[in-house]
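Biologist: I would like a close look at a single part of this protein, its nonpolar interior. Could you take me through it slowly, as you would for someone new to structures?

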Amino acid sequence: MDSWTGVIDGLYERYGLPVLANEWGYSSDGELALERPDMTGFPEAFPDVCVARKWFYEVKGGHTPEVQADYFDRGLKLFAENPHCLGSFIFCWRDAYHCYHCGEPDCPAECFWGIVTTDCKPKPAYYAVKEAFRKYYHD
């Protein structure tokens, strides 16, 4: 997220058009892996996260519902304050029932990106997004 302002400003300078941040977010679950798995035998584009069942990156605090909520608040504030940013599309509304890569119901690669659970119960990120819209995007 630290480099987003430079990217937005650079795109605006290059094209002279407002920037729309598309499909950004942060997963609310999953542990950090200590090493990458052996990907021999898997298709080239198959996610290593599906094989390891762990992440290879995280923001400070890890992949938790609280960190996800903070991530959304910081991102929405950054986009709202940047004069070259037209807006953003959050990824995604609801947690996935299963990973669309490996099919597992608890794979961190795709299962925990929503701001609500699979049964549409709000996660802390839901309330963070709601409050961020009020704080940063008011009339």
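Modeller: In this predicted model, residues 24 or more positions apart account for 61% of those contacts in the protein chain that have a separation of 6 or more. The chain holds 4 helices and 2 strands, and these follow one another along the sequence in the pattern α-β-α-α-β-α. Of its 139 residues, 37% are buried, and it is among buried residues that the part you asked about is found.

The largest nonpolar core has 22 residues, and the ones touching the most other members are Trp 4, Trp 24 and Phe 79. At least two residues of this core are supplied by each of helix H1 (4-15), strand E1 (19-24), helix H3 (65-81) and helix H4 (124-136), with H3 giving the largest share, 7 residues. Phe 79 makes a good place to look at in detail: once its neighbours within four places in sequence are left aside, Phe 79 is in contact with Trp 4, Ile 8, Ala 21, Trp 24, Cys 85, Ser 88 and Tyr 137. Apart from the largest core lies another core, which has 12 residues, including Val 49, Trp 55, Phe 112 and Trp 113.

To set this interior against the whole, the C-alpha trace spans about 50 × 35 × 25 Å along its principal axes, while the accessible surface of the chain comes to about 8,700 Å², with 54% of that surface belonging to carbon and sulfur atoms.

Terms used:
Residues are numbered from 1 along each chain as its sequence is written. This is a predicted model: local features need pLDDT of at least 70, side-chain atom pairs count only at pLDDT 80 or more; totals for chains, interfaces and linings use all residues. Side-chain values use heavy atoms; hydrogens and water are left out. Buried means under 20% relative accessible area, exposed over 50%, partly exposed in between (1.4 Å probe, protein chains only). Contact means heavy atoms within 4.5 Å. Accessible areas come from the Shrake-Rupley method with a 1.4 Å probe; for residues, only the protein chains shown count as cover. A nonpolar core is a set of buried Ala, Val, Leu, Ile, Met, Phe, Trp, Tyr and Cys residues joined through side-chain atoms within 4.5 Å.
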